[in-house]
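Me: I should like to learn how to read the empty space and the ligand site of a model. Please begin with the cavities.

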Amino acid sequence: MPSICFVCLGNICRSPMAEMITRKLVTDRGLADAVELSSAGTGSWHVGESIDERAAQTLERYGYPVHPHRARRFDPAWFDTTDLVIAADDDNYRVLLELAGRRHRSKVRRLREFDPEANGDLDVPDPYYGGPRGFDTVFSIIERSCRTLVDMLVQHSAPEPQALAGDEQTA
Ligand code: 4NP
């Protein structure tokens with residue numbers, strides 16, 4: 001089962017949003033049990049905290065369930081058991097590459113590599129110090145990126161398209 005960990009700075013805004021958005025998208029495609037999802041931060045300031053209230057409200061406003069969340073700091077040992085470690089911005093990306101070393105660096109990606117509207121801007125902006133509108137922008141970027149990511153997961157996980165079309169799951 002592929003395992004994906006989304007990583008931002010604090011693990012209270014962007015990466016839990018990406019995790020919860022992706023969780024709903026894979027569930028809607030009948031793949032909830034086919035992929036393991038998690039999130040973490042490169043910093044430790046918010047370890048143990050729940051998702052930021054503004055991030056939670058934004059997810060709910062767009063119809064995404066908010067799950068219980070406890071912020072964690074990314075542990076480099078997780079590279080051994082994780083297939084993709086997806087960074088929210090360039091700062092996180094650099095930290096993760098450093099932690100990955102040569103052995104695991106191909107697992108480290110940036111979320112906006114999957115954003116069809118990135119136009120060369122590979123950062124999900126940090127919404128923490130901005131107003132609530134910042135969360136709308138960040139939500140749109142993350143949702144676009146996660147949709148593409150899930151499309152790719154579906155393509156890789158389905159032995160044949162009919163297998164999905166015949167699935168009992170409803171979208
Ligand atoms: P996140 O947002 O990295 O998307 O969870 C942030 C949360 C906290 C801080 C910065 C960004 N902070 O500086 O405390």
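Reply: Rolling a probe the size of a water molecule over the atoms shows where empty space is left. Here the count comes to 2 cavities of 30 Å³ or more. A cavity is a set of points, on a 1 Å grid over the protein atoms alone, where a 1.4 Å probe fits but cannot get out; grid points are joined across faces, edges and corners, and a volume is the space filled by probe spheres set on the points. This is a predicted model, in which local features need pLDDT of at least 70, side-chain atom pairs count only at pLDDT 80 or more, and totals for chains, interfaces and linings use all residues. Residues are numbered from 1 along each chain as its sequence is written, and side-chain values use heavy atoms, without hydrogens and water.

Me: What volume has the largest cavity, and which residues line it?

Reply: Its volume is about 50 Å³. The lining residues (an atom within 4 Å of a point) include Phe6, Cys8, Arg14 and Ile142.

Me: Which polar contacts does the ligand make?

Reply: A polar contact is a pair of N or O atoms within 3.5 Å. Ligand oxygen atoms lie 2.9 Å from a backbone N or O atom of Leu9, 3.0 Å from one of Ile12, and 2.7 Å from a side-chain N or O atom of Arg14. The protein covers 92% of the 350 Å² of accessible area (Shrake-Rupley method, 1.4 Å probe) that the ligand has on its own.

Terms used
Polar contact = N/O pair within 3.5 Å; in protein donor to acceptor, adjacent residues only side chain to side chain. 1 Å grid on protein atoms, 1.4 Å probe; cavity = no way out; pocket = protein on both sides within 12 Å on 5 of 7 lines; lining within 4 Å.
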